[in-house]
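Me: I would like to go through this model step by step, with a short line of reasoning for each answer. Please begin once the structure is in view.

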Amino acid sequence: MMKTMTAFTGEIDDPDVAAAEILEQIGNTELRKNSLGILTCYTEFIDSGAVRAICAALPFDVIGMTTAGTAAPAAAGEMALGLLVLTSDDVDFIAGAAELPGKDIDGPICKAYREACAKRPGQPVMAFAFAPYINDLGGEAVAVSLDKASGGIPFFGSLAIDSSADFSLNRSVYNGEDCKNTLVFALLYGDLRPSFFVTSFAEDKIQKQRGVVTKSKDNILMEVNNMPVLDYLQSIGIQKSDGAWAVSAFPFVIDYNDGTKPVARSIYLITEEGYAACGGNIPENATLAVGGIDYSDVLRTTKETMEQVLKKKSDGASCLLMFSCLTRYLALEANSTAEMDAIRNVLTDFPGYLFGYSGGEICPVYTEKGGAVNRFHNCTFIACLL
């Protein structure tokens, strides 16, 4: 059996005060044999030394990332730090990290995974993973590499983001260390039955017209229905505005046609060749539609997902970890805490949860037979219930 505790602080400037606040919130409950901390925070908590002080004060491994907003049972905010603590006598946690030296990441990730597995016999049930958002790498490559290294165990996690215009300040967190180019992860062993939830666009926000991907390479979409991708967009009524393509306004919904739920893909930019560089891989022969999201859709899909979580929740479930894409955050415009407020209003009686904003979501999707297949997502709300 696993118990969950949460803590929250808005104290950025004084590391000792921040650490004391966190310890006070979790210190009244005795830790069990094995524990793991998952942390999300505004970047300045790392710069001020608060993250280092908090992790140094905790007698267990802590992994996590920077984010644009954090919500926990106690409070929610943009310039905040949240900590989720999992503790158990019969569930074990093994943390690890891998430096990401450019695009050749399979070797380092596989090595780090093997080293973590060697610390304990048996096969992990699942894993949490956090990586920095790196423009030249992409989250799909990280998710694929993790899947290969592990033999396909479920991975749940996120790419880090920050409040800068180019996300240049985002980091992952590993026991208080400043990790700018490091994947961090934790393997979970024991009697666990994770449930995963994935929500991107409301059905009425997905165009009925479908196309077939006829030419692509990894995350570069070249042709749809044997037409150059820009010609295809124009054929379905999407035009240039003031001589430019407003690519972020037209995310794709991609059906792999393999029995799994479709995934969302943001268009990051249009290349010099006229191709669409997307936030994740788009395989040839996949079916493509154009989706959209606005303020009301963010709140509606989030509330619907929370209701699904509560219906699925059993008496023993005590942990809920959630991430929502930065695209959804931006759709909230001036009311930037609306999604976090909606979560807290629904989960009033839930024992322990943590929410953060994401630069790309890592979450399994279910096959028609109920198996879990790892996927990388954009524009998506994901949740893991334990």
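Me: Which residues in α4 meet which residues in α5?

Reply: Bearing in mind that this is a predicted model, we can start from the two helices, α4 covering residues 106-117 and α5 covering residues 139-150. The residues of their contact divide into five nonpolar, two polar and two charged. On the α5 side they are S145, L146, K148, A149 and S150, and these meet, in α4, D106, I109, C110 and Y113.

Me: Is α4 oblique or parallel to α5?

Reply: The axes of α4 and α5 come within 9 Å and cross at roughly 45°. The crossing is right-handed. Because angles from 35 to 65 degrees fall outside the roughly parallel and roughly perpendicular ranges, the crossing at roughly 45° makes α4 to α5 oblique.

Me: Which strands stand at the edges of the sheet that has the order β7-β12-β8-β9-β24-β25?

Reply: This open sheet is formed by six strands with mixed pairing, and its neighbouring strands are turned by 20° against each other on average, direction ignored. An edge strand has a single partner strand, so one side of it is left without a neighbour in the sheet. The strands that fit this description are β7 (92-99) and β25 (372-377).

Me: In β12, what is the bridge partner of A97?

Reply: Strand β12 covers residues 182-189 and is joined to β7 by eight bridges, the two strands running antiparallel. Within this pairing, the residue of β12 that partners A97 is V184.

Me: At about what angle does α5 run to β25?

Reply: Both helices of the crossing also touch this sheet, for α4 packs on it, touching β7, β9 (155-159) and β12, with a direction that makes about 35° with that of β12. Helix α5, in turn, lies across β8 (126-131), β9, β12, β24 (361-366) and β25, and its angle to β25 is about 160°.

Me: Which are the edge strands of the sheet with the order β1-β6-β2-β3-β10-β11?

Reply: This is an open sheet of six strands with mixed pairing, and its twist averages 20° from one strand to the next. Each edge strand pairs on one side only, and the two are β1 (2-9) and β11 (177-179).

Me: Which residue stands opposite D61 in β3?

Reply: Strand β3 covers residues 61-66 and pairs in the parallel sense with β2, residues 34-41, over six bridges. The residue that stands opposite D61 is L36.

Notes: Residues are numbered from 1 along each chain as its sequence is written. This is a predicted model: local features need pLDDT of at least 70, side-chain atom pairs count only at pLDDT 80 or more; totals for chains, interfaces and linings use all residues. Side-chain values use heavy atoms; hydrogens and water are left out. Axes are lines fitted to C-alpha atoms, for helices over the stretch in contact, and angles run from 0 to 180 degrees between N-to-C directions. Helices (H or I, at least four residues) and strands (E, at least two) are DSSP runs, numbered from the N terminus. Angles under 35 degrees count as roughly parallel, over 145 as roughly antiparallel, 65 to 115 as roughly perpendicular and the rest as oblique. A crossing is left-handed if the near helix is turned anticlockwise from the far one by less than a right angle, and right-handed if clockwise. Contact means heavy atoms within 4.5 Å. Ala, Val, Leu, Ile, Met, Phe, Trp, Tyr, Cys and Pro count as nonpolar, Asp, Glu, Lys and Arg as charged, and the others, Gly among them, as polar. Two strands pair if DSSP finds at least two bridges between them.
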